[in-house]
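Hi,

Here is the structure I promised to pass on. Have a look at it first, and then read on for what turned up.

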Amino acid sequence: MAPHGDKSDAAVEALVSEAEKRPISTILLVIAMQTEALPVVNKFNLTEDPDSVFPNGVPWVRYHGSYKDLKINLVWPGKDSSLGVDCVGTVSASLVTYASIQALQPDLIINAGTAGGFKAKGACIGDLYLACDVAYHDRRIPIPVFDLYGVGLRQACASPNLQKELNLKVGKLSTGNSLDMSPQDEASIMANDATIKDMEGAAVAYVADMLKVPIIFVKAVTDIVDGEKPTAEEFLQNLAAVTAALEEKVTQRHVV
């Protein structure tokens with residue numbers, strides 16, 4: 001972990017220069033789980049929106065505030081009304097991203113959260129990655145051209161200055177709706193040449209690309225997918241500590 005310092009101005013300048021030279025005044029943070037979101041909410045003193053910009057009945061939660069001249073919006077899909085667990089996965093992520101873009105008109109999206117990593121690609125618990133591109137590994141459509149649609153490969157906003165400023169690793173992100181990994185998923189992940197895997201990134205990227213909003217992915221490794229421990233056990237064991245490391249990068253070194 002790199003030493004911390006007050007380099008907020010440099011980081012903001014890096015974001016501005018890398019986001020297609022567009023002026024940035026409004027940032028949207030899309031985060032899947034409450035455990036991942038609250039440290040950032042607390043660090044930036046964000047306030048939960050009492051008058052939701054979202055349709056009635058949805059569980060989606062928005063926090064907002066400001067940092068210097070930036071408007072910060074953080075959204076997470078909330079809790080399932082029946083089961084009380086975080087609404088993880090691609091469906092909730094795509095819906096809340098679309099609704100947030102429509103309502104908030106962000107200049108930049110940051111999808112921050114946790115991910116599984118592959119030791120064969122050099123990932124370790126606690127590593128933080130800047131994803132260079134994202135794709136799906138569980139949308140298998142073995143028909144010409146539809147197969148490419150299923151993979152859904154999309155590029156993240158190129159951010160070499162930000163990567164250097166925050167001392168992040170760089171790797172490809174693969175997305176699927178299961179925490180575990182089937183043999184078919186594994187083959188697709190290898191084909192994607194992915195270093196990290198999550199359950200939301202490619203869905204957020206799809207919406208951002210469709211609505212032409214630049215997007216950056218910052219992912220912290222909670223579990224080693226090709227390691228010895230069961231994925232679910234290792235994920236739960238490391239979630240709190242790794243989320244703290246993610247919060248340090250997103251706030252103390254001022255990604256936003």
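Is the crossing of α3 and α7 left-handed or right-handed? It is right-handed. Before you lean on that, bear in mind that this is a predicted model.

Since that helix pair is where I spent a good part of my time, let me stay with it. Two packed helices are described by the angle between their axes and the distance between the axes. Here, α3 covers residues 90-104 and α7 covers residues 201-210, and they pack at about 30° with 8 Å between their axes. Angles under 35 degrees count as roughly parallel, so α3 and α7 are roughly parallel to each other.

Who touches whom? On the α3 side the contact is made by T90, A93, S94, T97, Y98 and I101, and on the α7 side by A203, V204, V207, A208 and M210. Sorted by character, the residues of this contact come out as eight nonpolar, three polar and no charged.

A bit more on α7 itself. This helix is mostly covered, with seven of its 10 residues buried. The buried set is G201, A202, A203, V204, A205, V207 and A208. If you step past the end of α7 you come to K212, which has a positive phi, near 60°.

The other spot I looked at is V61, which sits in strand β3 (residues 61-67). Is V61 buried or exposed? Its relative accessibility is 12%, and the cut-off for buried is under 20%, so V61 counts as buried. Leaving aside residues up to four places away in sequence, V61 touches E48, F54, L74, V75, W76 and G78. Take V75 from that list: V61 and V75 are 14 residues apart in sequence, yet their C-alpha atoms are 5.6 Å apart in space.

Now for the chain as a whole. It contains eight helices and 10 strands. There are 256 residues, and 54% of them count as buried. The accessible surface adds up to about 11,700 Å², with 54% of that belonging to carbon and sulfur atoms. As for contacts between residues at least 6 apart in sequence, 74% of them join residues at least 24 apart.

If you only have a minute with the viewer, I'd go to the α3 and α7 contact, then over to V61 in β3.

Cheers

Notes. Residues are numbered from 1 along each chain as its sequence is written. This is a predicted model: local features need pLDDT of at least 70, side-chain atom pairs count only at pLDDT 80 or more; totals for chains, interfaces and linings use all residues. Side-chain values use heavy atoms; hydrogens and water are left out. Axes are lines fitted to C-alpha atoms, for helices over the stretch in contact, and angles run from 0 to 180 degrees between N-to-C directions. Helices (H or I, at least four residues) and strands (E, at least two) are DSSP runs, numbered from the N terminus. Angles under 35 degrees count as roughly parallel, over 145 as roughly antiparallel, 65 to 115 as roughly perpendicular and the rest as oblique. A crossing is left-handed if the near helix is turned anticlockwise from the far one by less than a right angle, and right-handed if clockwise. Contact means heavy atoms within 4.5 Å. Ala, Val, Leu, Ile, Met, Phe, Trp, Tyr, Cys and Pro count as nonpolar, Asp, Glu, Lys and Arg as charged, and the others, Gly among them, as polar. Buried means under 20% relative accessible area, exposed over 50%, partly exposed in between (1.4 Å probe, protein chains only). Accessible areas come from the Shrake-Rupley method with a 1.4 Å probe; for residues, only the protein chains shown count as cover.
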